[in-house]
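Okay, everybody, I've got one protein to walk you through today. Let me put it up on the screen, and then we'll start from a strand in the middle of my notes.

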Amino acid sequence: MMTTASTETSTPPRVLLTHHLRQLKLPTVLREYEKVAAEAARDGLDHIRFLLRLVELELIDRERRMVERRIRAARFPAVKSFDTFDFTAIPSLNKPLVLELARCEYVVARENIIAIGNSGTGKTHACLALGLAACQRGFSVAFTTAAGLVHQLMEARDEKRLLRLQAQLSAVKLLIVDELGYVPLSQTGAELLFEVFSQRHERASTIVTSNLPFDEWTSIFGNQRLTGALLDRLTHHVHILEMNGESYRLRQSKARRRMAPTPIDEPRVDADTGEMLPS
Ligand code: ADP
Ligand code: MG
């Protein structure tokens, strides 16, 4: 394998160029140089402009590859953005605030976000969209559910790699903890989760979603003092997203039912009694 630049005249220049570009990790330059060279010749571009065009292509591609890598590393259950989010469906949500947050300045300021509301109101969608925005702006992101995170922490503790996992969790610029409150936590689980929030406090941003209002969080953590200390840290620099409203899914299925015409040739049956209804 060739490892250094060779001046050997016997090796064709394209072979050498391919080798050097691989070594320098410039895949886009490698893929595009012939095409861009032909364009440069056609457009009468000088060497500097030719090189600039190629280097720009590499930069654009590199940025895209990095965003994709961050999205993969975040382990989102789905990729969702605000482009597909209907703000009119959830009037309690402060749209200007959300759009401001999508610019990710809160990540730089190490502030937190807590989204609270009943099931189906778009909390997961919104935090996925915020996570995606953060990936696009160059921040490392990790997505997890509260139950999943506690499970991971317990497993790491049993396998004596808790410190390593805690270090990983503190290093990520945005940690998204979805669905806090659906499952009550064990004492150990609550303490481990508290430690994660505590370690991130004022160091990096955390987004938490919950179906429970703050005054019911003691039922999640099973301990009033721990809950108090946790809320104290989490809400120190926080943006609250009020997401109480009608379930989006329910609304959609109702709308679908309204849209669907009643079949004429099938008898209609009362869903509760099973009796045939007059057509
Ligand atoms: P939650 O996490 O609050 O229970 P989800 O975010 O899982 O709710 O929303 C349920 C489903 O409805 C998802 O498929 C989500 O994309 C969709 N959804 C919810 N709210 C909206 C909205 N305002 N605009 C578009 N889709 C929405
Ligand atoms: Mg959800």
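Quick bit of vocabulary before we go: two strands count as paired if DSSP finds at least two bridges between them. And keep in mind that this is a predicted model.

So, with that in hand, look at strand S3, residues 174-180, and S4: they pair in the parallel sense over 5 bridges. One of the contacts to look for is Leu180, whose bridge partner in S4 is Ser210. S4 also has strand S1, residues 112-116, running parallel to it, and 4 bridges join those two. There, Ile116 stands opposite Ser210. So Ser210 turns up in both pairings.

How do you get from S3 to S4? Helix H9, residues 187-200, goes with them, and S3, H9 and S4 make a right-handed β-α-β unit.

Now, is S4 enclosed or not enclosed by the rest of the structure? It's largely enclosed, because 6 of the 6 residues in this strand, 205-210, are buried. Ser205, Ile207 and Thr209 point one way, Thr206, Val208 and Ser210 point the other way, and all are buried.

Over to the surface. Leu51, Val55 and Leu59 form a nonpolar patch there, with about 290 Å² of accessible area together. Leu51 lies in helix H3, residues 47-74.

Zooming out, the protein has 12 helices and 7 strands. Buried residues make up 37% of its 279 residues. The accessible surface comes to about 17100 Å², and 55% of that belongs to carbon and sulfur atoms.

Notes. Residues are numbered from 1 along each chain as its sequence is written. Chains are lettered from A and ligands numbered from 1 in the order in which they are written. This is a predicted model: local features need pLDDT of at least 70, side-chain atom pairs count only at pLDDT 80 or more; totals for chains, interfaces and linings use all residues. Side-chain values use heavy atoms; hydrogens and water are left out. Patches are made of residues with over 30% relative accessible area and no salt bridge: like charges are joined within 9 Å, nonpolar side chains (Val, Leu, Ile, Met, Phe, Trp, Tyr) within 5 Å. Accessible areas come from the Shrake-Rupley method with a 1.4 Å probe; for residues, only the protein chains shown count as cover. A salt bridge is a side-chain nitrogen of Lys or Arg within 4 Å of a carboxyl oxygen of Asp or Glu. Buried means under 20% relative accessible area, exposed over 50%, partly exposed in between (1.4 Å probe, protein chains only). A crossover is right-handed if, with the strands pointing away from the viewer, the path from the first strand over the helix to the second runs clockwise.
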